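Subject: Structure handover

Hello,

Here is the structure I promised to pass on. Please open it alongside this message.

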Amino acid sequence: MTQQTPQVPQAQPELAEVRNFRDVGGLPTVDGRRIRYGRLYRSGHLAHATAEDAAYLTGLGLHTVFDFRNASDIKLEGPDVTLPGVRNVNIPLTDPADGAEFWTMVRDGELDQLRGALGDGKAAARMAQTYREIITTRTADHSRVLHALAEDSVPALMHCAAGKDRAGLSIAVTLLAVGVERDAIEADYLKSNEPGRRYKIRRSDNSSAGMSPEVMELLSPLFGADADYLSAAFDAIEETWGTTESYLSDGLKLAPATRERLRDRLLED
């Protein structure tokens with residue numbers, strides 16, 4: 001299903017019910033190359049995709065959709081829509097907010113409960129720690145994704161629920177593996193904060209009290225992309241493996257030949 005793709009960005013519509021969708025093509029590598037357009041995409045979940053959304057995604061010629069949601073996510077939002085001829089691979093990664101019980105509190109908790117769980121920097125600290133844990137504990141999962149991309153799984157779309165944390169880290173790891181500049185990785189990651197991209201906060205109490213400015217401020221660290229979270233992930237790489245190269249070779253078990261195939265598939269000539 002892999003097809004020849006253009007080397008220039010194609011106009012992308014704003015999908016009606018797939019948030020945070022984008023092509024990561026064009027990002028520069030440290031050796032002067034760029035990610036090829038039409039090879040690697042990222043987004044939020046596809047569960048609510050309209051027929052028009054699905055038709056557009058099908059037209060991309062995708063080989064594989066990597067869905068990093070867990071069972072709780074899928075129960076809440078639903079399974080992805082079926083895209084004809086596209087393989088869907090579900091690889092549940094650590095929930096950024098530590099599971100269904102936590103999300104129940106986010107949706108249903110009263111102000112005092114939210115203050116205790118999320119106030120005084122606790123929400124941001126929780127997110128940063130989870131980014132570190134995904135890097136250090138999910139090496140087998142990230143290795144599986146990268147080996148699949150190197151073999152036959154492009155063009156590929158990676159997504160989780162919001163498309164910023166689990167998918168964001170999986171995209172970041174992929175970009176590191178082909179030598180994309182860290183500043184460019186961060187810039188792409190932070191695009192998830194743009195209006196219209198952010199995950200819609202769900203609260204059982206939609207009143208002015210349940211959705212008050214203070215409640216929204218307490219919840220904001222959970223639903224935003226923060227450069228400090230990504231820095232925590234990069235720090236975990238250096239603290240655990242010493243260098244990015246060691247992380248890729250020892251942590252993710254990427255042989256030089258595999259990395260070269262990955263670069264061939266994802267980078268412009």
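Below is what was found, starting with the sheet and ending with the cores.

Please keep in mind that this is a predicted model.

The sheet

The sheet is open and has five strands. Their order is β1-β2-β5-β3-β4, and the pairing is mixed. Which strands stand at the edges? They are β1 (22-23) and β4 (87-90). Each has a single partner strand, so one side of each has no neighbour in the sheet. β1 runs antiparallel to β2 (residues 40-43), and two bridges join them. Within this pair, R22 stands opposite R42 of β2. Helix α7 packs on the sheet, where it touches β2 and β5 (156-159). The direction of α7 makes about 160° with that of β2. As a general point, strands of a sheet pair through backbone hydrogen bonds, either parallel or antiparallel.

V173 in helix α7

Helix α7 covers residues 166-177, and V173 has its place there. Is V173 buried or exposed? V173 counts as buried, because its relative accessibility is 2% and the cut-off for buried is under 20%. Leaving out residues up to four places away in sequence, V173 touches I135, H142, L146, Y247 and L252. V173 and F234 are 61 residues apart in sequence. In space, their C-alpha atoms are 9.6 Å apart.

Two packed helices

Next, look at helix α5 (residues 122-137) and helix α10 (residues 227-241). They pack at an angle of about 40°, with their axes 8 Å apart. The two helices are therefore oblique to each other. The crossing of α5 past α10 is right-handed. On the α5 side, the residues that meet α10 include A124, M127, Y131 and I135. On the α10 side, those that meet α5 include L230, A233, I237 and W241.

The cores

I135 also appears in the largest nonpolar core, which has 63 residues. Which members touch the most other members? They are F66, F68, I135, L149 and L222. Not counting neighbours within four places in sequence, I135 is in contact with L169, V173, A233, A236, I237, W241 and Y247. Another core, of 14 residues, lies apart from this one. V18, Y41, L60 and L83 are among its members.

A good place to start is I135: find it in α5, where it is one of the residues that meet α10. Then go to V173, which I135 contacts, in helix α7.

Best wishes

Methods
Residues are numbered from 1 along each chain as its sequence is written. This is a predicted model: local features need pLDDT of at least 70, side-chain atom pairs count only at pLDDT 80 or more; totals for chains, interfaces and linings use all residues. Side-chain values use heavy atoms; hydrogens and water are left out. A nonpolar core is a set of buried Ala, Val, Leu, Ile, Met, Phe, Trp, Tyr and Cys residues joined through side-chain atoms within 4.5 Å. Buried means under 20% relative accessible area, exposed over 50%, partly exposed in between (1.4 Å probe, protein chains only). Contact means heavy atoms within 4.5 Å. Helices (H or I, at least four residues) and strands (E, at least two) are DSSP runs, numbered from the N terminus. Two strands pair if DSSP finds at least two bridges between them. Axes are lines fitted to C-alpha atoms, for helices over the stretch in contact, and angles run from 0 to 180 degrees between N-to-C directions. Angles under 35 degrees count as roughly parallel, over 145 as roughly antiparallel, 65 to 115 as roughly perpendicular and the rest as oblique. A crossing is left-handed if the near helix is turned anticlockwise from the far one by less than a right angle, and right-handed if clockwise.
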